[in-house]
Amino acid sequence: MLETVDVEIRKLVLLEEQRQLSQLSLVASENYSSPTIRGFEGSIFADKNAEGYPGRRCVSGCEYADQLENLAIERAKSAFGCEHANVQAMSATIANFAIMNELFQPRDGLMAMRLQDGGHLSHGASFHASGRSFRWCFYGVSEIDEQLDYDEVRSIALENRPAAIICGGSSYPRLIDYEKMYEIAQEIGALLWVDLAHTAGLVAGRAIPSPFPYADIVTTSTHKTLRGPRGGGVILCKQKLARKIDRAIFPGLQGAPKMDLIAARGALLAEVQTPRFREYAKDVLSNAKALERGLLDAGASLVSGGTSSHLILLNLLKCNTTGLEIEGYLSEGRVITNKNPVPFDTLPSSKAGGLRIGSAALTTRGFDEARFFELGVLIGKVVTSTHKRDRIVDLRSFVDRNTQGLPLFNQKWLAQ
Ligand SMILES: *Cc1c(COP(=O)(O)O)cnc(C)c1O
């Protein structure tokens, strides 16, 4: 059917599939979801209007939608060990904005990590809707080790007395000490809100410490290390905030949820509780370390000296090049990455002094430490070499050799 009905779209789908198979994605915010999960996306639930919450819908015919959503909620609570879950948000960005909108007044203070130091645009960036209200204050990394300086976080919190402290970011390669953040929040009577979008899979897979029991609210996207479908946000919180959080999403900001995505999310939230997924999360970390070793061996410079997660941020200013330039060269070599500002960057974000990479997607494809190391060396050589074009040849031949017959979702991760 699809082949004959819309030839033009079908052709683009096949081309995209070919592109994904023949290139290597090191994009830290990309991953490949399992065939089980993909199968539920676009299922018959896609056409069901289930506006409202289980047992309190605005339309009838929701008996199975109710069971489905309740199942996804229970699985979310069990995967993360938290008291309440909302699985309806269309994305983490929307979840974040919905919460700000419902829980805080425009004159309230909010505190988050500075965008350039690793934060996210939905945490008060001037060009984002969240930045148009609230009294924002920002903390960042120290100039000495490019890691969070908790004494500085504390003094900014004491000075500004925000109603909530948001932590978690998009390009911070180190783990956040949630207990320290909690102590600071307690001291000023603020809520602790963790945006776990990048590392949710590592937490669910028990490879890194959980923000619970410290966080009052946790928001996350579903498609990064969590390895689920795009277009999803999950909010986890303490019971005392449950009603407000649910109201924030519906009717506060959204209309009807997308039930097929909730089906996929539900399956995902069971998958992340399997021993197989825990193995995956552990491998994501060791593979990032192998990539780090390769890059350092080749003389590349890494923000904060390296990584404690799935994510690495290269500092290109020290090699006299830019994120834009290296992203372009690597793409010619069929390695997909993204330019990213580094702390204390001197370039505009259209060029950017850094490049962000991560190990989550290629670990799903089955890359092991040896291949991550080799890839790290090849990328490091592109970055440091004065003859970058010659280095692309080596990279491209590595990609061609290593993508031959390599699936997007490796069989070994199929949960038993
Ligand atoms: C990626 C990211 C988001 C956005 O997630 P979407 O689901 O794509 O909206 C929000 N917060 C942080 C910290 C992120 O890294």
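1. Helices and strands here are DSSP runs, numbered from the N terminus, with at least four residues for a helix and at least two for a strand. By that count, Phe 134 lies in the loop between S5 and S6. The model is predicted. Phe 134 is not a glycine, yet its phi is positive, at about 75 degrees. Its relative accessibility is 12%, so Phe 134 counts as buried.

2. The loop that holds Phe 134 also holds Phe 127: it runs between strand S5 (109-113) and strand S6 (135-139). Is Phe 127 buried or exposed? Phe 127 counts as exposed because its relative accessibility is 56%. Together with Leu 115 and Leu 121, Phe 127 makes a nonpolar surface patch of about 280 Å².

3. Now the ligand. It is surrounded by 13 residues. Ala 92, Thr 93, Ser 170, Asp 195 and Lys 224 are the closest. By class, this shell holds two nonpolar, nine polar and two charged residues.

4. Which side chains place an N or O atom by an oxygen of the ligand? Ser 91 is one of them, with a distance of 3.3 Å. For Thr 93, the distance from a side-chain N or O atom to a ligand oxygen is 2.7 Å. Lys 224 has a polar side-chain atom 2.9 Å from an oxygen atom of the ligand. How much of the ligand does the protein bury? Taken alone, the ligand exposes 390 Å², and the protein buries 87% of that.

5. On to charge pairs. Side chains of opposite charge can pair when their charged atoms come close. Across the whole structure, a search finds 18 salt bridges. One network of salt bridges links Arg 57, Asp 66 and Glu 69.

6. Glu 16 and Arg 19 form a salt bridge through their side chains, at 2.8 Å from N to O. Both residues sit in helix H2 (residues 7-22). They are three residues apart, so about one helical turn separates them. Glu 16 counts as partly exposed, at 33% relative accessibility. Arg 19 is also partly exposed, at 31%.

7. A second pair is Glu 271 with Arg 227, whose side chains meet in a salt bridge of 3.3 Å, N to O. This pair links distant parts of the chain, with the two positions 44 residues apart. Glu 271 is in helix H10, while Arg 227 is in the loop between strand S9 (217-221) and S10. Are Glu 271 and Arg 227 buried or exposed? Both are buried.

8. Asp 400 and Arg 334 form another salt bridge, with their closest N and O atoms 2.6 Å apart. This pair, too, links distant parts of the chain, 66 residues apart. Asp 400 belongs to helix H15 (residues 388-403), and Arg 334 to the loop between helix H12 (323-332) and strand S12 (335-336). Asp 400 is partly exposed, with a relative accessible area of 32%. Arg 334 is partly exposed at 22%.

9. Arg 334 deserves a second look for its backbone. Its phi is near 65 degrees, a positive value in a residue other than glycine.

10. Lys 240 lies in the loop between strand S10 (233-237) and helix H9 (242-249). Its relative accessible area is 62%, so Lys 240 is exposed. What does the side chain of Lys 240 contact? It makes a polar contact of 3.2 Å with the side chain of Asp 216. Lys 240 and Asp 216 are 24 residues apart along the chain, and their C-alpha atoms are separated by 8.9 Å.

11. Met 259 lies in helix H10 (residues 259-271). Its relative accessibility is 0%, so Met 259 counts as buried. Met 259 and Glu 41 are 218 residues apart along the chain, with 8.9 Å between their C-alpha atoms.

12. Two peptide bonds to check are cis. Where are they? One joins Phe 212 and Pro 213, with omega about 10 degrees. Pro 213 is placed in the loop between helix H8 (200-204) and S9. Another cis bond joins Phe 250 and Pro 251, with omega about 5 degrees. Pro 251 is in the loop between H9 and H10.

Terms used: Residues are numbered from 1 along each chain as its sequence is written. This is a predicted model: local features need pLDDT of at least 70, side-chain atom pairs count only at pLDDT 80 or more; totals for chains, interfaces and linings use all residues. Side-chain values use heavy atoms; hydrogens and water are left out. Patches are made of residues with over 30% relative accessible area and no salt bridge: like charges are joined within 9 Å, nonpolar side chains (Val, Leu, Ile, Met, Phe, Trp, Tyr) within 5 Å. Accessible areas come from the Shrake-Rupley method with a 1.4 Å probe; for residues, only the protein chains shown count as cover. A salt bridge is a side-chain nitrogen of Lys or Arg within 4 Å of a carboxyl oxygen of Asp or Glu. Buried means under 20% relative accessible area, exposed over 50%, partly exposed in between (1.4 Å probe, protein chains only). A residue is near a molecule or strand if one of its heavy atoms lies within 4 Å of it. A polar contact is a pair of N or O atoms within 3.5 Å; within protein, one must be able to donate a hydrogen and the other to accept it, and residues adjacent in sequence count only if both atoms are side-chain atoms. Ala, Val, Leu, Ile, Met, Phe, Trp, Tyr, Cys and Pro count as nonpolar, Asp, Glu, Lys and Arg as charged, and the others, Gly among them, as polar.
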